[in-house]
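Me: I am new to this structure. Please show me how to read its pockets and its ligand site.

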Amino acid sequence: MKIAIIGIGSVGAAVATAVAGTGLAREIVLYDRDTARARASAADLGHATTFCYDIKITPAMGYSALRGSDVVIIAAGANQKPGETRMDLVQKNATVIRDIVPRIMPYVDARRVKIIIVTNPLDVMVMLTQKLSRIAPGRVIGTGTMLDSARLRTILSRMTGVSTHSINAYVLGEHGDSSVINWTSASVGAVGLDDFARQTKMSLTTAIRRDIDDRVRHAAYEIIQGRGATWDGIGAAVADLIRCIARDERRLLTVSIMDPSPSARVAMSMPRVVGIDGVTATLRPKLSASESAALRQSGRIIRTNYDLIK
Ligand code: NAD
């Protein structure tokens with residue numbers, strides 16, 4: 001599999017390292033408008049791969065190096081500065097996506113390629129990329145709330161004492177401030193979370209849920225405050241997505257795509273089946289009335305921001 005990464009900043013470099021670590025890529029191409037950075041990153045990662053897998057790491061001096069890529073990952077653009085929201089980046093990063101996407105398309109097979117969006121504000125950038133690339137909605141995939149769901153599962157794992165792998169709990173909607181925790185469908189293995197709490201006498205009051213919601217929503221802000229940016233979590237999330245695509249695993253991931261149904265007007269994260277053809281199915285989990293309302297509101301926020309840049 002040939003994978004191209006556009007934007008080799010903190011996130012792009014972490015993504016490259018994590019994707020190389022899957023051993024599933026034959027070649028990884030690194031492109032950044034700062035070509036010296038792309039060249040240096042390719043050299044460093046190339047040296048690193050000699051300790052794990054034989055992968056060709058190519059610095060790209062132009063978009064023609066992307067020719068024949070199976071997957072293109074876009075991690076270019078401005079990141080949040082302390083106190084900034086993801087939506088604050090919308091104008092700047094729409095310009096970046098408008099610069100990049102038309103330059104990718106001549107070098108990839110539009111019927112086969114998967115484009116993975118990492119750039120924020122994630123859902124709006126998925127919508128813009130889908131419009132510019134004109135490829136099938138299921139193949140323009142935003143990492144969406146994969147990372148938010150991982151943050152939620154980490155907290156619930158600590159609380160329950162059960163591995164994150166047995167926690168089925170998802171964050172839906174915007175990858176941003178209006179994201180929605182789907183408490184109604186959360187479970188530990190096959191046991192509903194509320195039932196688990198009853199059986200184990202674990203306290204899961206409304207106040208505790210609100211606190212968890214807050215911690216999940218603000219995790220990125222805290223990391224940015226402490227280390228300037230976030231990169232390890234998203235690197236691992238993209239590598240997991242690549243694994244799911246390359247091996248056609250058809251796992252359920254909360255990724256963001258432009259909903260293909262004619263009435264849908266936004267991209268947002270829902271539990272979706274992901275494999276070699278990208279997203280092939282979207283599941284509608286059970287939601288409480290307040291979760292449904294919050295999800296509709298999240299969709300409205302994404303749409304309003306998309307309308308600002310379309
Ligand atoms: P960074 O500033 O470290 O790197 C950005 C890179 O993009 C730079 O190397 C820059 O030269 C390059 N770039 C900018 N415009 C370009 C263009 N037109 N063509 C090619 N390259 C271009 O930023 P970062 O910390 O790596 O963050 C990158 C993006 O990832 C941000 O939008 C950030 O918000 C987002 N992000 C998303 C998630 C997620 O969960 N989806 C998590 C963390 C960060």
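Me: Where does the ligand sit?

Reply: Start by matching the ligand to a pocket. This is a predicted model. Here the ligand sits in the largest pocket. The elements giving two or more residues to the shell around the ligand are α1 and α3. Of these, α3 gives the most, with 4 residues.

Me: Which residues come nearest to the ligand?

Reply: Look at the shell, then pick out its closest members. The shell holds 28 residues. Val11, Asp32, Ala78, Asn79 and Asp99 come nearest. By class, the shell divides into 13 nonpolar, 11 polar and 4 charged residues.

Me: Which ligand atoms pair with Ala78, Asn79 and Asp99?

Reply: Check the element of the ligand atom, then the partner on the protein. Take Ala78 to begin with. A polar backbone atom of Ala78 is 2.7 Å from an oxygen atom of the ligand. For Asn79, the partner is in the side chain: one of its N or O atoms is 2.9 Å from a ligand oxygen. Asp99 also uses its side chain, where an N or O atom lies 2.7 Å from a nitrogen atom of the ligand.

Me: How much of the ligand does the protein bury?

Reply: Compare the ligand alone with the ligand in place. Taken alone, the ligand exposes 870 Å². The protein buries 90% of that.

Me: What is the volume of the largest pocket, and which residues line it?

Reply: Read the volume, then the lining. The volume is about 850 Å³. The lining has 41 residues. Nearest the centre of the pocket lie Ala75, Ala76, Gly77, Ala78 and Asn79. Two of those names should be familiar: Ala78 and Asn79 are also among the residues that come nearest the ligand.

Me: Which helices supply that lining?

Reply: Map the lining residues onto the elements. At least two residues each come from α1 (10–22), α3 (90–104), α5 (146–160) and α7 (206–227). The most come from α3, with 6 residues. By class, this lining has 18 nonpolar, 15 polar and 8 charged residues.

Me: What about the second largest pocket: which residues lie nearest its centre?

Reply: Use the same steps. The second largest pocket has a volume of about 630 Å³. Its lining has 25 residues, with Met146, Ser149, Ala150, Arg153 and Asp240 nearest the centre. Two or more lining residues come from each of α5, β7 (167–168), α7, α8 (232–246) and β12 (251–258). Here α5 gives the most, with 7 residues. The classes are 11 nonpolar, 8 polar and 6 charged.

Me: Now the backbone. Is the peptide bond from Asn120 to Pro121 cis or trans?

Reply: Know the usual case before reading this one. Most peptide bonds are trans. The bond from Asn120 to Pro121 is cis, with omega near -5°. To find the spot, go to the loop between β5 (114–117) and α4 (122–133), where Pro121 lies.

Me: And is phi of Lys201 positive or negative?

Reply: Again, take the general rule before the case. Most residues other than glycine have a negative phi. Lys201 has a positive phi, near 60°. Lys201 is placed in the loop between α6 (193–200) and α7.

How values were computed:
Residues are numbered from 1 along each chain as its sequence is written. This is a predicted model: local features need pLDDT of at least 70, side-chain atom pairs count only at pLDDT 80 or more; totals for chains, interfaces and linings use all residues. Side-chain values use heavy atoms; hydrogens and water are left out. On a 1 Å grid over the protein atoms alone, a cavity is a set of points where a 1.4 Å probe fits but cannot get out, and a pocket is an open set with protein on both sides within 12 Å along at least five of seven lines; lining residues have an atom within 4 Å of a point. Grid points are joined across faces, edges and corners, and a volume is the space filled by probe spheres set on the points. Ala, Val, Leu, Ile, Met, Phe, Trp, Tyr, Cys and Pro count as nonpolar, Asp, Glu, Lys and Arg as charged, and the others, Gly among them, as polar. A residue is near a molecule or strand if one of its heavy atoms lies within 4 Å of it. A polar contact is a pair of N or O atoms within 3.5 Å; within protein, one must be able to donate a hydrogen and the other to accept it, and residues adjacent in sequence count only if both atoms are side-chain atoms. Accessible areas come from the Shrake-Rupley method with a 1.4 Å probe; for residues, only the protein chains shown count as cover. A molecule sits in a cavity or pocket if more than half of its atoms lie within 2 Å of its grid points.
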